[in-house]
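Trainee: I would like to go through this model and ask what stands behind each term we use. Please set the values against the cut-offs as we go.

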Amino acid sequence: MSRLSRPRRPRMRGARTDLGWPPPVWEQRFRAGEVDVPEWARDDPDRACVVATVDGRPQVHSWQPSTGRLVTATDRPAGTLDALIDPSGRWLWWFDDTDGDEYGTWRRQPFGSPPGWRAEDPLGLAPAYSAGLHLARDGTAVVGRSDPAYGTTIHQVFLGPIAATSAPVLIYAGRHDAEASALSDDGNVLAVGHAEHGDARHPALRVVAADTGAPLAELADGPGRGLWALEFAPLAGDTRLLVLHERTGMARAAVWDVLSGAWRELALDVDGEVADAVWYPSGDAVLLAVDHRARTRLYRHDLRTGHSAVVGPADGTVDGATARPDGEVWYSWSSAAEPPSVRTTRTGEVLVAPVGPRPRPSAPVRDVHVPGPAGTIHALLRAPAGADGPHPVLVDVHGGPADHRTDSFSPALAAWVDHGFAVLSVNFRGSTGYGSRWRDAIEGQVGLAELEDVAAVHEHLVTDGTLDPDRSVLAGASWGGYLTLLGLGTQPDRWALGLADVPVADYRAAYEDETAQLQAFDRALFGGSPDEVPEVYEAASPITYVDAVRAPVLLLAGLNDPRCPLRQVQRYADALHERGGTVELYQYGGGHGSHVAEERVRQMRLQLDFVRRHLQERGAP
């Protein structure tokens, strides 16, 4: 489970000093419009739900492909990210939390309606953390909810035109982490991903009747092997389920008929891991997204012939795709150099354009391969054009940990290149995209294994003259912020500065305050809770090493962050300050990560200024 990706609302600290117009190129990239791949209604393909920015905030929209008409449906201060459209195309659904705290309820409003118009909560359930929402053609909704007080529950609700026509029916309940993963096309069969065996990092599957919760099938691949239900075939009465598994050590897709038990591997003769898969509406082909060497490409796998063919671009990274009834594919693509766009395979042209100017391009990445303690480490290097090394460098540590950096566009990383920095992104042990063994290699040495790989790549590029060791900044958000703070304490001679955004800083305190889903994830990663294995948490916690930190540190934290809560960040800041360390803490209203353009610009400006000031104090050029 990634700790990164929820909006937060700004709380200003400090004043802007560069009020010139036009704003710098790097600011324009943050303020440029963004748009996600539309989700179309199964029974009305000319109606779709799309999240696109309005005044720098992501909001839900109604969209008609035939006319291009885009109607804003939400107007929430922190933006709205989680949304879908019902099969009929009559309703838009979106998740309503408070200031990015991720705790709330699902609301729906009519397709084509403006913000606030008949936005209702029809489910009749108390607020909770979302654990999945699925909508069937017959008006049935299946909703998963998680709360520290009662664990995970899944209810079935039958919806009328105004609200629920019957009381919610409880069809699953458990103290362990779980989610409503997939609902059959006719609404009769539900796949539940769960960690009842105690390992939330490698879930198992249970299939139940969606009206009663009666068990229909079970699937588990044993210790260290996870199973993920993606979606049922889009045909009435079809019980074929797309599943991701890792039986070969690389994530692969298969089709499992949950009632007959028939299993079919989707043989794909390409390198890399299957990251996601969706059905073509005909039910005779599957669209596969494959991660390989920090790029994501699409393949159409024909179930009749068993053959696969490339769909869309052969370079860069696809971030989201959907297949249409006529075989057309909508997808979002970008590279480190080229900003994102949503396109169609029919013409290759832009499908739906965001409001506002297109962002300026940035520098491409160069692949770096370095021998490491557990195998070859793959990294991506951005460098300013026309400048000779050694470069000052921002060592960019990704979140997750089950994630990886790709050849894709990033306004934040582009801003550092604009300011003369190289940017080094390392896909260390723990990263996805390189097989389950690489992803799980951090078990038993959480945090320290990742940093060992980061140091190996950094040292290699320092030795060959590419990077300047005296101007090396360690930076990351979420799990990347955690690794940043841990690196400053365990590798104090390597890093000049640290930038830690929404980090885990004191692991015991973080565990006490975080969501139940993340507590389950941490127990699986560390082998127990802090009370059960205190020495393991202590060895992995940044606050354990605060006495050794010598580099100045900038901390950024959201007041309502449920994933890396504020209290434990404050404890770290206080501990470092008491020991005479240089630490600045920026706090703002909201949750875990910002999707609001002005707040993102403000935080980027703070980071650039912090680095400029402290590198100057060190006498660095």
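Mentor: Start with the turn after helix 2, where Gly-420 has a positive phi, near 90°. Keep in mind throughout that this is a predicted model.

Trainee: What makes helix 2 count as largely enclosed by the rest of the structure?

Mentor: Buried means under 20% relative accessible area. Six of the eight residues of helix 2, which runs over residues 411-418, meet that cut-off, so the helix is largely enclosed. They are Pro-411, Leu-413, Ala-414, Ala-415, Trp-416 and Val-417.

Trainee: Which elements do the buried residues of helix 2 pack against?

Mentor: Two helices are on the list, helix 1 (25-31) and helix 10 (597-617). The strands are strand 28 (375-382), strand 29 (391-397), strand 30 (422-427) and strand 32 (497-501).

Trainee: Why is the peptide bond from Gly-389 to Pro-390 called cis?

Mentor: Its omega is near 0°, and the bond is cis on that value. Pro-390 sits in the loop that joins strand 28 and strand 29. A second cis bond runs from Gly-400 to Pro-401, with omega near 5°. Pro-401 belongs to the loop between strand 29 and helix 2.

Trainee: Why remark on such bonds, or on a positive phi?

Mentor: Most peptide bonds are trans, and most residues other than glycine have a negative phi.

Trainee: Which phi value makes Arg-293 worth a remark?

Mentor: Phi of Arg-293 is near 50°, which is positive, and the residue is not a glycine. Arg-293 is found in the loop between strand 21 (285-292) and strand 22 (295-302). Val-502 is also a non-glycine residue with a positive phi, in its case near 35°. The loop that holds Val-502 lies between strand 32 and helix 6 (507-513).

Trainee: How do you know whether Arg-293 is buried, partly exposed or exposed?

Mentor: The partly exposed class lies between the 20% and 50% cut-offs. Arg-293 has a relative accessible area of 34%, so it is partly exposed. Val-502 has 0% relative accessibility and therefore counts as buried.

Trainee: What class does Leu-70 fall into?

Mentor: Leu-70, a residue of strand 4 (residues 69-72), has a relative accessible area of 32% and is therefore partly exposed. Thr-72 is in strand 4 too, and its 24% also puts it in the partly exposed class.

Trainee: What is Leu-70 in contact with, beyond its neighbours within four places in sequence?

Mentor: A contact requires heavy atoms within 4.5 Å. With those neighbours set aside, Leu-70 touches Val-50, His-61, Ser-62 and Trp-63. On the same terms, the contacts of Thr-72 are Val-54, Gln-59, Val-60, His-61, Ser-113, Pro-114 and Pro-115.

Trainee: How do you know that helix 4 has close to its expected span?

Mentor: Helix 4 (residues 448-463) has 16 residues, for which 22 Å is expected at 1.5 Å a residue. The distance from its first C-alpha to its last is 22 Å, close to that expected value. Gly-465, just after helix 4, takes a positive phi of about 85°.

Trainee: Which residues of helix 4 are buried?

Mentor: They are Ala-449, Glu-450, Leu-451, Asp-453, Val-454, Ala-455, Val-457, His-458, Leu-461 and Val-462.

Trainee: Now the protein chain, with its 10 helices and 34 strands. Why is the chain called as compact as a globular protein of that length?

Mentor: The globule rule gives 25 Å for 621 residues, and the radius of gyration of the chain is 24 Å; the two are close, so the description holds. Along its principal axes the C-alpha trace spans about 70 × 55 × 45 Å. Buried residues account for 59% of the 621.

Trainee: What share of contacts between residues at least 6 apart in sequence joins residues at least 24 apart?

Mentor: That share is 56% in the protein chain.

Trainee: How much of the accessible surface belongs to carbon and sulfur atoms?

Mentor: Carbon and sulfur atoms hold 50% of a surface of about 23600 Å². As for charge, the chain has 59 positive and 83 negative charges, and their mean positions are 3 Å apart.

Conventions. Residues numbered from 1 in each chain as written. Predicted model: local features only at pLDDT ≥ 70, side-chain atom pairs only at ≥ 80, totals over all residues. Heavy atoms only, no water. Helix = DSSP H or I, 4+ residues; strand = E, 2+ residues; numbered from the N terminus. Expected span 1.5 Å × (residues − 1). Buried < 20%, exposed > 50% of the residue type's maximum accessible area, 1.4 Å probe, protein only. Rg over C-alpha atoms; globule rule 2.2 N^0.38 Å. Areas by Shrake-Rupley, 256 points an atom, 1.4 Å probe, with all protein chains shown as cover. Lys, Arg positive; Asp, Glu negative; His and termini not counted. Charge placed at Lys NZ, Arg CZ, Asp CG, Glu CD.
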